[in-house]
Amino acid sequence: MKESIWGYAIISLGILAIGIIWFFANVTNTDQHNYNLLKETVEASMLDAVDLAAYRKDGTVRIEEEKFVENFLRRFAESAELSNTYVIEIYDINEVPPKVSLRVSSSKSTTATGEIVDFDIINNIDAILETKY
């Protein structure tokens, strides 16, 4: 009888350990996905929003605010995970020199312990568009 209780304890601890590992791996993958998505989307949107007329006229590199926001939201929505809830906060957009500051918060809920647990993953980025010349 004593040996069977040890067997049940080892099996239950193994299942608990697998559940904890799965939970933290899921959180880490979500955070990494959000960061990479944010970084690549901001960079591509800034390049798309460069005002070519101003660059051709006097060589200044500037971005258009409305075009950046439109491109960023479209690109982010195309690649975001559908299971998450996102809040995008754009803090600062400077047209000259091109600089963007924004925050993306994603919310996820899980019932790993039997009760609903909500947690937020927040990614901030401050991007400056650099050129060679």
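The exercises below work through a predicted model of one protein chain.

**Exercise 1. Layout of the chain**

Task: State how many helices and strands the protein chain has, and in which order the elements run.

Solution:
- Step 1. The protein chain contains three helices and three strands.
- Step 2. Read from the N terminus, the order is α-α-α-β-β-β.
- Step 3. Of the 133 residues in the protein chain, 28% are buried.
- Step 4. Take the contacts between residues at least 6 apart in sequence: 53% of them join residues at least 24 apart.
- Step 5. The accessible surface of the protein chain comes to about 9300 Å², and carbon and sulfur atoms supply 58% of that area.

**Exercise 2. The nonpolar core**

Task: Find the residues with the most contacts inside the largest nonpolar core, and say which elements each supply at least two of its residues.

Solution:
- Step 1. The largest nonpolar core has 20 residues, and Val-42, Phe-68, Phe-72 and Leu-102 have the most contacts inside it.
- Step 2. At least two residues of this core come from each of α1, α3, β1, β2 and β3 (117-128).
- Step 3. The largest share is that of α1, with four residues.
- Step 4. Look at Phe-68 and set aside its neighbours within four places in sequence: Phe-68 is then in contact with Val-42, Ser-45, Met-46, Ala-49, Ile-93, Val-100 and Leu-102.

**Exercise 3. A salt bridge between distant parts of the chain**

Task: Describe the salt bridge of Arg-62 and Glu-95, and decide whether each residue is buried, partly exposed or exposed.

Solution:
- Step 1. Side chains of opposite charge can pair when their charged atoms come close.
- Step 2. In the pair Arg-62 and Glu-95, the closest N and O atoms are 2.6 Å apart.
- Step 3. The two residues are 33 residues apart and link distant parts of the chain: Arg-62 sits in the loop between α2 (52-58) and α3 (65-79), and Glu-95 in the loop between β1 (85-94) and β2 (99-110).
- Step 4. Arg-62 has a relative accessible area of 22%, so Arg-62 is partly exposed.
- Step 5. Glu-95 has 26% relative accessibility and therefore also counts as partly exposed.
- Step 6. Arg-62 and Glu-95 belong to a network of salt bridges that includes Asp-51.

**Exercise 4. Two further salt bridges**

Task: Out of the five salt bridges in the structure, describe the pair Glu-78 and Arg-74 and the pair Asp-92 and Lys-99.

Solution:
- Step 1. Glu-78 and Arg-74 meet through their side chains at 3.7 Å, N to O.
- Step 2. Both residues of this pair lie in helix α3, where four residues, about one turn of the helix, separate Glu-78 and Arg-74.
- Step 3. Glu-78 is at 58% relative accessibility and so counts as exposed, whereas Arg-74, at 38%, counts as partly exposed.
- Step 4. For Asp-92 and Lys-99, the N to O distance is 3.2 Å.
- Step 5. Asp-92 is partly exposed, with a relative accessible area of 28%, and Lys-99 is partly exposed at 23% relative accessibility.

**Exercise 5. A nonpolar patch on the surface**

Task: Name the residues of the nonpolar surface patch, then place Ile-20 in its element and classify its exposure.

Solution:
- Step 1. The patch is formed by Leu-13, Leu-16, Ile-20 and Phe-24, which together have about 410 Å² of accessible area.
- Step 2. Ile-20 is in helix α1 (residues 2-48).
- Step 3. Buried means under 20% relative accessible area and exposed over 50%.
- Step 4. Ile-20 has 42% relative accessibility, so Ile-20 counts as partly exposed.

Note on methods:
Residues numbered from 1 in each chain as written. Predicted model: local features only at pLDDT ≥ 70, side-chain atom pairs only at ≥ 80, totals over all residues. Heavy atoms only, no water. Patch = residues over 30% accessible without salt bridge, like charges linked within 9 Å, V, L, I, M, F, W, Y side chains within 5 Å. Areas by Shrake-Rupley, 256 points an atom, 1.4 Å probe, with all protein chains shown as cover. Salt bridge = Lys/Arg side-chain N within 4 Å of Asp/Glu carboxyl O. Buried < 20%, exposed > 50% of the residue type's maximum accessible area, 1.4 Å probe, protein only. Core = buried A, V, L, I, M, F, W, Y, C linked by side-chain atoms within 4.5 Å. Contact = heavy atoms within 4.5 Å.
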